[in-house]
Amino acid sequence: MSFSACCRIPRVPWTCGRTLRNRSLSSVSLPMSDPLPDSPSPEPFAKPQLHGIQISKLENGLTVTSLESHSPMARVGLFVKAGSRYESPRILGVSHYLRATSFMATTDRTAFRVSREIDHLGGNMSASSTRDHFIFSAECMRDYIEPVIETFGSASLSPVYHPWEVSDQSRLVELELAMAAQSPHVGVVEDLHKAAFRFNLGNSLYCLPHRVGTFTPEQLHSFVSSHFQPSRMVLAGVGVSHDELVKCATASFGRASSRLNDPREPSKYFGGGEIRTETSSDLVHAALVSQGTSLGEGDYLSVAVLQRVLGVTPFIKWGSNAVSSRVNKAAVEAAGGSPAMASSYNASHSDNGLFGLYVICYAENASKVIKAAVGEFASAAMGNISEKEVARAKNQLKANIMMNNEDPAVLLNDIGTQVSLNGSYTSAQAAAEAVDRITPDQVIKVAKRIFNGKPTFVARGKLHDTPDL
């Protein structure tokens with residue numbers, strides 16, 4: 001007996017409980033375009049009305065912004081200007097502890113109640129931070145955003161920080177530090193900011209190891225009371241009604257007051273620094289950067305195009321960009337068949353940024369691989385950039401902008417960050433149109449400015465063949 005015969009599913013006659021003209025439904029031959037006899041006419045479908053970004057501000061200074069996507073799932077985030085750049089030397093690492101102690105007990109609910117309520121709603125809630133922002137974010141059914149925002153308000157405005165809760169979370173901080181220590185990339189990025197900016201933007205996203213377990217509830221309260229103010233907050237939502245979001249924000253944050261102060265100091269790029277960390281790894285991770293652009297600068301998109309002209313990581317999973325990436329092609333050729341990787345590096349913050357090259361290779365090839373990648377950057381700075389390369393880079397950047405816009409989590413972060421820093425939002429379509437207007441001369445101009453800037457160098461691994469700055 002054949003396999004198909006063994007696996008054949010017996011046919012079961014299907015009949016309809018209601019007959020049409022005394023015949024079963026299976027015997028009726030009707031065009032699919034005609035309505036069934038005796039069937040009620042369907043109600044007309046109301047096409048959802050799409051809205052652009054809406055922005056409102058409460059009397060106490062809290063900004064509310066939303067994008068209605070009519071999705072059954074909603075994403076909301078509270079963006080607070082309280083990232084690691086705001087830490088003073090005495091409390092370096094406090095934002096890391098705040099991440100670990102988020103959604104603990106508050107004045108009106110216990111940590112168990114917070115966890116229980118979110119679980120009951122089927123939602124996800126997390127806390128994260130950048131150098132500019134501390135972010136509470138959540139995903140839930142759009143009908144349940146009210147209790148989520150209540151939790152945001154309670155966690156940000158009235159945390160308790162019981163001593164035993166703070167002490168218990170030291171284990172989580174230690175775990176995150178151990179995980180970060182296993183990633184050379186994390187160490188290089190942190191060292192880059194430290195060498196380039198020293199303090200302010202140079203403050204690490206992670207707590208210093210020797211300070212784990214030393215933070216007190218009073219120190220956490222002091223930082224929160226100084227920075228977690230409504231005037232420094234943006235409540236953003238994707239897939240929510242703007243009127244409902246404003247209503248929830250008013251109920252949860254409306255009674256809080258703001259002090260008119262902005263403790264942020266402007267960042268300063270020092271450059272010229274070098275941090276070399278010897279490890280037992282045969283792979284060298286090295287980065288050479290100069291001052292880049294901030295998120296609000298006019299050259300921001302031109303630098304993003306330059307980043308793709310020089311080359312970024314592969315666009316194809318498990319693929320190689322040794323042909324399309326200028327710096328990676330140079331690195332691979334210099335390594336002589338030995339594994340190597342090079343890409344451009346671009347990090348932009350609210351008022352400053354870094355741009356340069358990131359290289360990974362075996363220790364014995366470090367010198368020639370780094371020099372080959374730098375040579376490609378130098379060639380671009382001298383004007384050796386073709387219109388074809390710029391056109392390809394612009395298409396890659398526009399595709400990246402549009403694809404990121406389809407991810408609700410990325411879109412929420414983009415909206416919250418832009419509104420917090422600029423007070424307005426540039427849509428993906430508007431950004432793509434701005435990319436189209438970029439010329440090769442503009443790309444060459446920013447390449448020349450960055451390449452001629454004061455460099456900062458960081459390397460990790462066996463550095464016996466890694467050149468000095």
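**Note on helix packing, sheets and internal spaces in a predicted model**

1. In this model, which is predicted, helix α13 meets helix α15 through Lys394, Leu397, Lys398, Ile401, Met402 and Asn405 on the α13 side, and through Ala428, Gln429, Ala431, Ala432, Val435 and Asp436 on the α15 side. Sorted by class, the residues of this contact comprise 7 nonpolar, 2 polar and 3 charged.

2. Two packed helices are described by the angle between their axes and by the distance between those axes. For α13 (residues 387-405) and α15 (residues 428-436) the angle is about 175 degrees and the axes lie 10 Å apart. Angles over 145 degrees count as roughly antiparallel, and α13 and α15 are therefore roughly antiparallel to each other.

3. A second helix pair is formed by α10 (residues 300-310) and α16 (residues 440-451), which pack at an angle of about 85 degrees with their axes 9 Å apart; this makes α10 roughly perpendicular to α16. The residues in contact are Ser302, Val303, Val305 and Leu306 from α10, together with Gln442, Val443, Val446, Ala447, Arg449 and Ile450 from α16. By class, the contact of α10 with α16 divides into 7 nonpolar, 2 polar and 1 charged.

4. Turning to the sheets, strands pair through backbone hydrogen bonds, either parallel or antiparallel. One open sheet is formed by 6 strands in the order β1-β2-β6-β3-β5-β4, with mixed pairing. Its edge strands are β1 (54-57) and β4 (124-129), each of which pairs on one side only. On average, and with direction ignored, neighbouring strands of this sheet are turned by 15 degrees against each other.

5. Within that order, β2 and β6 stand side by side, and the pairing of β2 (residues 63-67) with β6 (residues 233-238) is in the parallel sense, over 5 bridges. Thr63 stands opposite Val234, which belongs to β6.

6. At the other end of the order come β5 and β4, which run antiparallel and are joined by 6 bridges. With 4 residues between them, β4 and β5 form a hairpin, and the bridge partner of Met125 is Ala138, in β5.

7. A further open sheet is formed by 5 strands, again with mixed pairing, in the order β7-β11-β8-β10-β9. The edge strands here are β7 (274-278) and β9 (340-348), each pairing on one side only, and the twist averages 10 degrees from one strand to the next.

8. In this sheet of 5 strands, β8 and β10 (residues 353-362) run antiparallel and are joined by 9 bridges, with Leu357 in β10 as the bridge partner of Leu288. Helix α11 (residues 326-335) packs on the sheet, where α11 touches β9 and β10, and the direction of α11 makes about 150 degrees with that of β9.

9. As for enclosed space, the structure holds 3 cavities of 30 Å³ or more, and the largest of them contains about 100 Å³. The lining of the largest cavity consists of 16 residues, of which Thr101, Ser102, Ala155, Pro159 and Tyr161 are the closest to its centre. The elements that give two or more residues to this lining are β5 (134-141) and α4 (145-157), so the reader may note that β5, paired with β4 in a hairpin, appears here as well. By class, the lining of the largest cavity has 12 nonpolar and 4 polar residues, with no charged residues.

10. Among the open spaces, the second largest pocket has a volume of about 650 Å³. Of the 28 residues that line this pocket, Gly187, Glu190, Asp191, Ser204 and Arg460 lie nearest its centre. Two or more lining residues come from each of α6 (170-181), α7 (184-197), β8 (283-291) and β11 (456-461), with α7 giving the most, at 6 residues.

11. The class division for the second largest pocket is 11 nonpolar, 11 polar and 6 charged. Both β8 and β11 contribute to the lining of this pocket, and β11 and β8 are neighbours in the order of the sheet of 5 strands.

Conventions
Residues are numbered from 1 along each chain as its sequence is written. This is a predicted model: local features need pLDDT of at least 70, side-chain atom pairs count only at pLDDT 80 or more; totals for chains, interfaces and linings use all residues. Side-chain values use heavy atoms; hydrogens and water are left out. On a 1 Å grid over the protein atoms alone, a cavity is a set of points where a 1.4 Å probe fits but cannot get out, and a pocket is an open set with protein on both sides within 12 Å along at least five of seven lines; lining residues have an atom within 4 Å of a point. Grid points are joined across faces, edges and corners, and a volume is the space filled by probe spheres set on the points. Ala, Val, Leu, Ile, Met, Phe, Trp, Tyr, Cys and Pro count as nonpolar, Asp, Glu, Lys and Arg as charged, and the others, Gly among them, as polar. Axes are lines fitted to C-alpha atoms, for helices over the stretch in contact, and angles run from 0 to 180 degrees between N-to-C directions. Angles under 35 degrees count as roughly parallel, over 145 as roughly antiparallel, 65 to 115 as roughly perpendicular and the rest as oblique. Contact means heavy atoms within 4.5 Å. Two strands pair if DSSP finds at least two bridges between them.
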